[in-house]
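Welcome! Take a moment to turn the model around on your screen, and then let us walk through it together, one region at a time.

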Amino acid sequence: MLLLVVETEEIPNPTGEKKRKITRVLENCIEYPKLGEGVNAARKFSDAAMIRGEEVFKKYAAVAKKHGVQKLTACATSASRDSSNSKEFYNRMREQYGINVQIIGGEIEARLSFLGGLLDYQDPMKHALMDIGGGSTEF
């Protein structure tokens with residue numbers, strides 16, 4: 001699980017579309033709770049994985065609070081789509097820690113991974129990216 005807390009500023013845009021850029025990174029955290037461990041076989045999050053996951057949610061909620069973050073949203077990917085108890089788990093995390101988790105589809109996951117992997121000056125029409133994820137590899 002990743003957590004990025006940043007300061008942003010609005011970029012002037014002639015089309016009127018609101019865009020923002022990151023001006024300062026306040027926190028950049030990564031934890032590996034292995035929430036999806038065993039999901040392929042059991043089709044659900046295990047009790048042990050949910051305990052590890054909740055510890056990370058608790059930690060990240062505290063980090064966000066320290067910086068005065070008013071809204072915290074997370075994206076969940078493949079294992080959460082495959083898990084029969086992911087919605088129940090994420091509802092509990094929202095109620096206990098104020099973190100809204102959106103389970104995103106595979107196409108959105110691929111697009112966000114691609115765009116997030118590009119450097120600012122790279123043209124997305126002229127570059128390829130390889131994602132060596134937890135359960136698959138995509139180009």
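Let us begin at R43, which sits in the loop between α1 and α2. Keep in mind that you are looking at a predicted model. What is the sign of the phi angle of R43? It is positive, at about 65°, although R43 is not a glycine. In general, most residues other than glycine have a negative phi. The relative accessible area of R43 is 39%. Because a residue counts as partly exposed between the limits of 20% and 50%, R43 falls into that group.

You can find another positive phi at K34, with a value of about 55°, and K34 is not a glycine either. Look for K34 in the loop between β2 and α1, the helix of residues 39-42. Is K34 buried or exposed? With a relative accessible area of 53%, K34 is exposed.

Stay in the loop between β2 and α1 for a moment, since E37 is found there too. E37 is partly exposed, and its relative accessible area is 44%. From E37 you can look across to M50: the two are 13 residues apart in sequence, and their C-alpha atoms are 10.0 Å apart in space.

M50 brings us to a pair of helices. Helix α2 covers residues 47-66 and helix α4 covers residues 86-97; their axes come within 11 Å and cross at roughly 30°. Why do we call the two helices roughly parallel? Angles under 35 degrees count as roughly parallel, and therefore α2 and α4 are described that way. The crossing of α2 past α4 is right-handed. On the α2 side, the residues that take part are M50, G53, E54, F57, K58 and A61, and they meet F89, Y90, R92, M93, Q96 and Y97 of α4. Sorted by character, the residues of this contact are 7 nonpolar, 2 polar and 3 charged.

Next, turn to strand β2, which spans residues 19-30 and holds E27. E27 has a relative accessible area of 16%. Buried means under 20%, so E27 is buried. Which side chain makes a polar contact with the side chain of E27? The partner is H67, at 2.9 Å. Leaving aside residues up to four places away in sequence, E27 touches L3, L4, V5, V63, K66 and H67.

Our last local stop is T77, in the loop between β3 (72-76) and α3 (78-82). T77 is partly exposed, at 33% relative accessibility. Follow the chain for 27 residues from T77 and you arrive at I104, yet the C-alpha atoms of these two are separated by 5.8 Å. Not counting residues up to four places away in sequence, T77 touches I104 and E109.

Now step back and take in the whole chain. How many helices and strands does the protein chain have? There are 5 helices and 6 strands. Read from the N terminus on, the elements run β-β-α-α-β-α-α-β-α-β-β. Along its principal axes, the C-alpha trace spans about 50 × 40 × 25 Å. Of the 139 residues in the protein chain, 23% are buried. Among contacts with a separation of 6 or more, 54% join residues 24 or more positions apart. The pair T77 and I104, 27 residues apart along the chain, is one you have already visited.

Methods: Residues are numbered from 1 along each chain as its sequence is written. This is a predicted model: local features need pLDDT of at least 70, side-chain atom pairs count only at pLDDT 80 or more; totals for chains, interfaces and linings use all residues. Side-chain values use heavy atoms; hydrogens and water are left out. Axes are lines fitted to C-alpha atoms, for helices over the stretch in contact, and angles run from 0 to 180 degrees between N-to-C directions. Helices (H or I, at least four residues) and strands (E, at least two) are DSSP runs, numbered from the N terminus. Angles under 35 degrees count as roughly parallel, over 145 as roughly antiparallel, 65 to 115 as roughly perpendicular and the rest as oblique. A crossing is left-handed if the near helix is turned anticlockwise from the far one by less than a right angle, and right-handed if clockwise. Contact means heavy atoms within 4.5 Å. Ala, Val, Leu, Ile, Met, Phe, Trp, Tyr, Cys and Pro count as nonpolar, Asp, Glu, Lys and Arg as charged, and the others, Gly among them, as polar. Buried means under 20% relative accessible area, exposed over 50%, partly exposed in between (1.4 Å probe, protein chains only). A polar contact is a pair of N or O atoms within 3.5 Å; within protein, one must be able to donate a hydrogen and the other to accept it, and residues adjacent in sequence count only if both atoms are side-chain atoms.
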